Amino acid sequence: MECLRHELGGPDASGRRSPVPIPGSEFIMEVDTVVVAIGQGSNPLVPRTTKDLEITKKGNIVADLATGATSKAGVFAGGDVVTGAATVILAMGAGRTAAKSIHAYLTGSGSSK
Ligand SMILES: Cc1cc2nc3c(=O)[nH]c(=O)nc-3n(C[C@H](O)[C@H](O)[C@H](O)COP(=O)(O)OP(=O)(O)OC[C@H]3O[C@@H](n4cnc5c(N)ncnc54)[C@H](O)[C@@H]3O)c2cc1C
């Protein structure tokens, strides 16, 4: 397994320091098994390409958890892209909530953004 050494960089706007790769510090470790334990982030494509869609500083879409409504009229969101990494059951629930809100939005049968 090839590794790359890191060092702590300077603080960002929130005061948090992040690891920064040390160029040229690659080294090889002999291993039998690798367990991957990486962080997950939301796909940035939709937030980046959709004007007026409010997102958090972690890149998740801001949505009303009770309706799925986002800052953009007619756009609803739910699941990991709103909550960050969570569970299938929560994503399914959010999908159901958003479906009801979308129906209300399209038919004018209820209040939704
Ligand atoms: C390794 C791993 C193990 C997990 N194990 C469990 C578990 O045991 N139990 C559990 O409850 N949860 C588990 N989870 C979490 C669970 O998978 C997620 O919470 C759930 O899948 C979120 O559903 P979602 O619909 O919000 O997002 P996703 O399932 O990520 O679906 C989003 C979809 O949108 C698509 N997409 C993204 N961008 C675009 C675009 N621009 N245009 C069109 N399509 C796009 C993606 O390809 C993807 O198919 C696990 C997650 C991981 C990563």
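**Close-up 1. A salt bridge between Lys 51 and Asp 52.** In this predicted model, the salt-bridge count comes to one. The pair is made by the side chains of Lys 51 and Asp 52, with 3.9 Å from N to O. That distance qualifies because the rule asks for a side-chain nitrogen of Lys or Arg within 4 Å of a carboxyl oxygen of Asp or Glu. Side chains of opposite charge can pair when their charged atoms come close. Here, Lys 51 is exposed, and Asp 52 is exposed too.

**Close-up 2. The residues around the ligand.** Look here for Asn 43, Leu 45, Val 46, Gly 79, Asp 80, Ala 86, Thr 87, Val 88 and Ala 91. Sorted by class, this shell holds five nonpolar, three polar and one charged residues. Two helices are worth finding as you explore: H1 (45–49) and H3 (88–107) each supply at least two residues of the shell.

**Close-up 3. Polar atoms facing the ligand at Asn 43, Thr 87 and Val 88.** Start at Asn 43, where an N or O atom of the side chain is 3.2 Å from a nitrogen atom of the ligand. At Thr 87 the backbone takes part instead, with an N or O atom 3.4 Å from a ligand oxygen atom. Val 88 also uses a backbone N or O atom, placed 2.9 Å from an oxygen atom of the ligand. As for cover, the ligand taken alone exposes 1,000 Å², and the protein buries 32% of that.

Methods:
Residues are numbered from 1 along each chain as its sequence is written. This is a predicted model: local features need pLDDT of at least 70, side-chain atom pairs count only at pLDDT 80 or more; totals for chains, interfaces and linings use all residues. Side-chain values use heavy atoms; hydrogens and water are left out. Buried means under 20% relative accessible area, exposed over 50%, partly exposed in between (1.4 Å probe, protein chains only). A residue is near a molecule or strand if one of its heavy atoms lies within 4 Å of it. A polar contact is a pair of N or O atoms within 3.5 Å; within protein, one must be able to donate a hydrogen and the other to accept it, and residues adjacent in sequence count only if both atoms are side-chain atoms. Accessible areas come from the Shrake-Rupley method with a 1.4 Å probe; for residues, only the protein chains shown count as cover. Helices (H or I, at least four residues) and strands (E, at least two) are DSSP runs, numbered from the N terminus. Ala, Val, Leu, Ile, Met, Phe, Trp, Tyr, Cys and Pro count as nonpolar, Asp, Glu, Lys and Arg as charged, and the others, Gly among them, as polar.
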